[in-house]
Amino acid sequence: MDNQQYVLALDQGTTSSRAIIFDHAGQVVAIAQEEFPQYFPQSGWVEHDANEIWDSVQKVLNEVVIKAQIPPYKVRAIGITNQRETTVIWDKQTGQPIHRAIVWQSKQTSAIAQALIDQGYQALIHQKTGLIIDSYFSATKIKWLLDQVPGARERAKRGELLFGTIDTWLLWNLTNGKVHATDVSNASRTMLYNIHTRDWDDEILSLLDIPRSLLPTVEDSSHIFGYTADYHFYGIQVPIAGIAGDQQAALFGQAGFHEGDVKNTYGTGAFTVMNTGTTPTLSKNGLLTTIAYGLNGEITYALEGSVFVAGSAIQWIRDGLGFFADAKESEALAKQAPSANGIYVVPAFTGLGAPYWDQNVRGAMFGLTRGTNRAQITRATIEAIAFQTRDVVDTMVQETQLPLQKLAVDGGASRNNLLLQFQADILQTPIVRAAVEETTALGAAFLAGLAVGYWDDLAQLAQLSHAGQQYTPQQSAAWASHVYAGWQQAIRATQLFSQPVGELDEL
Ligand SMILES: Nc1ncnc2c1ncn2[C@@H]1O[C@H](COP(=O)(O)OP(=O)(O)O)[C@@H](O)[C@H]1O
Ligand SMILES: O=P(O)(O)OC[C@H](O)CO
């Protein structure tokens with residue numbers, strides 16, 4: 001092993017693209033970050049321009065090497081981690097997307113998902129894919145693009161188009177169109193991948209009229225997928241040797257290699273993921289069964305609780321309500337209120353994910369008085385992130401019967417100390433923030449480094465993942481039960497409000 005070499009991770013998130021260079025000790029050497037535009041063409045729709053994403057990635061890829069002040073040939077491997085489910089379809093010849101990418105949060109395919117539910121496919125799809133039918137996953141987004149873009153299905157059937165999640169789109173571009181592939185963790189988020197047979201599922205494909213030729217090949221997460229081509233990386237051919245969806249990569253970066261290991265990442269959304277070992281466990285309570293990673297031909301599965309709105313609720317206060325200019329100011333503002341004063345914010349802006357899976361519900365605020373102020377609303381919004389996390393953690397503990405000793409956390413919004421203290425209080429469980437904030441990128445670096453022999457094995461990686469600040473519960477269990485009961489009531493009321501008017505008679 002050569003200590004003078006490095007691994008580079010590309011973390012393509014919902015709001016920004018990052019490139020991070022790690023050294024052999026798993027320490028960050030340099031970071032470059034670039035935000036890109038979000039498009040909201042209609043209420044509930046969220047889209048990205050795949051070319052703008054690719055531009056932002058090229059920019060950070062070059063910039064990070066300059067910031068690190070290392071010669072680019074010292075980068076031994078590149079790992080990719082990505083916002084998951086977000087769907088791009090492009091023309092194989094021109095490389096041009098046929099439409100903007102449909103983002104995981106987007107609700108424009110709710111009717112397609114609802115039709116599948118109404119036709120009774122819930123059990124079949126859950127059994128095959130581990131997922132709950134929802135517009136969140138790629139499948140309905142692919143169908144929508146093939147239905148809506150003129151001529152797209154015919155072109156797809158003629159083999160002229162390619163589908164990819166963002167990892168696949170970046171890999172295809174980095175290799176100049178030579179490699180059309182994904183990894184098992186990303187494939188398991190499409191609602192088209194059979195997690196038992198480990199292949200695209202023909203029955204689901206025909207249900208949605210999606211031709212197989214559109215789909216990428218599926219590889220282990222730690223695998224040499226291809227090499228950077230042309231001048232995408234200073235004219236050097238570097239192996240792209242690791243790919244994983246960002247939530248699974250964060251589990252890997254937190255060294256969650258053992259059954260029962262669990263982490264929560266607070267980014268745009270919040271995602272609690274538990275390693276459940278090498279056989280899939282199907283949830284009865286609204287958790288997803290997903291693939292954590294594929295390594296040496298073996299699959300490790302996970303249970304996941306997906307919360308759609310976490311850090312994006314802070315962005316809503318920043319941009320929609322205009323309370324502050326930077327997300328980090330949310331903590332100081334919230335601290336001006338000693339409590340939320342009975343206010344509950346339910347930030348169901350794009351429906352509710354786990355454990356409710358209610359794609360039609362929208363957000364609500366309860367308990368307003370004449371004295372309600374910005375500090376209280378901000379505090380209540382931060383608290384909502386923690387309440388949603390308790391919803392999924394409680395479900396996970398109940399389902400697995402594995403008591404939670406501590407919750408390992410990371411992600412952009414985990415910088416918020418008030419959030420993490422409230423999380424410890426409401427869960428009555430210690431919260432441990434990772435020392436390296438960029439655990440998602442670290443996970444991708446680990447996967448890439450393993451594939452090229454930069455690191456030897458999981459035992460070595462476990463030594464490189466360190467715990468940072470810990471938050472212990474400061475409130476009583478009785479307090480937590482009381483405050484959480486109010487949240488559960490707010491959720492019930494919000495769901496009731498989303499019912500069609502005629503069905504509200506029971507109120
Ligand atoms: N100090 C903070 N307090 C609360 N939320 C924050 C803070 N800093 C960042 N965020 C939120 O974290 C999110 C960004 O985190 P990040 O992990 O980069 O997300 P993503 O990978 O989804 O783009 C944003 O939604 C932002 O509002
Ligand atoms: O962009 P993030 O970090 O919130 O992650 C998005 C998830 O991968 C969506 O499933």
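**Ligand shells and helix H4**

Q: Hi! Which helices each supply at least two residues of the shell around ligand 1?
A: Those are H10 (311-321) and H11 (329-335). Helices here are DSSP runs of H or I with at least four residues, strands are E runs of at least two, and both are numbered from the N terminus. A shell residue has its backbone-placed C-beta within 6 Å of the ligand.

Q: What kind of model is this?
A: A predicted one, where local features need pLDDT of at least 70 and side-chain atom pairs 80 or more, while totals for chains, interfaces and linings use all residues. Residues count from 1 along each chain as written, with chains lettered from A and ligands numbered from 1 in written order.

Q: Cool, which helix gives the most to the ligand 1 shell?
A: H10, with 4 residues. The shell has 19 residues, and the closest are Gly-13, Gly-267, Thr-268, Gly-311 and Gly-412.

Q: And why does ligand 1 lie between the two domains?
A: Because domain 1 (6-237) and domain 2 (255-502) both give residues to its shell; the bounds come from an automatic or database assignment.

Q: Where does ligand 2 lie?
A: Ligand 2 lies between domain 1 and domain 2, because both give residues to its shell. Among those around ligand 2 are Gly-13, Thr-14, Arg-84, Trp-104, Asp-246 and Thr-268.

Q: Switching topic: is H4 largely enclosed or open?
A: Largely enclosed by the rest of the structure, because 9 of the 11 residues in H4 (138-148) are buried (20 or more other C-beta atoms within 10 Å).

Q: Which residues of H4 are buried?
A: They include Lys-141, Ile-142, Lys-143, Trp-144 and Leu-145.

Q: What do they pack against?
A: Their partners include S6 (88-91), H2 (110-118), H5 (152-157) and H8 (202-208), with contact meaning C-beta atoms within 7 Å.

Definitions and conventions:
A residue is buried if 20 or more other C-beta atoms lie within 10 Å of its own, exposed if 12 or fewer, and partly exposed in between; C-beta atoms are placed from the backbone. Two residues are in contact if their C-beta atoms, placed from the backbone, lie within 7 Å.
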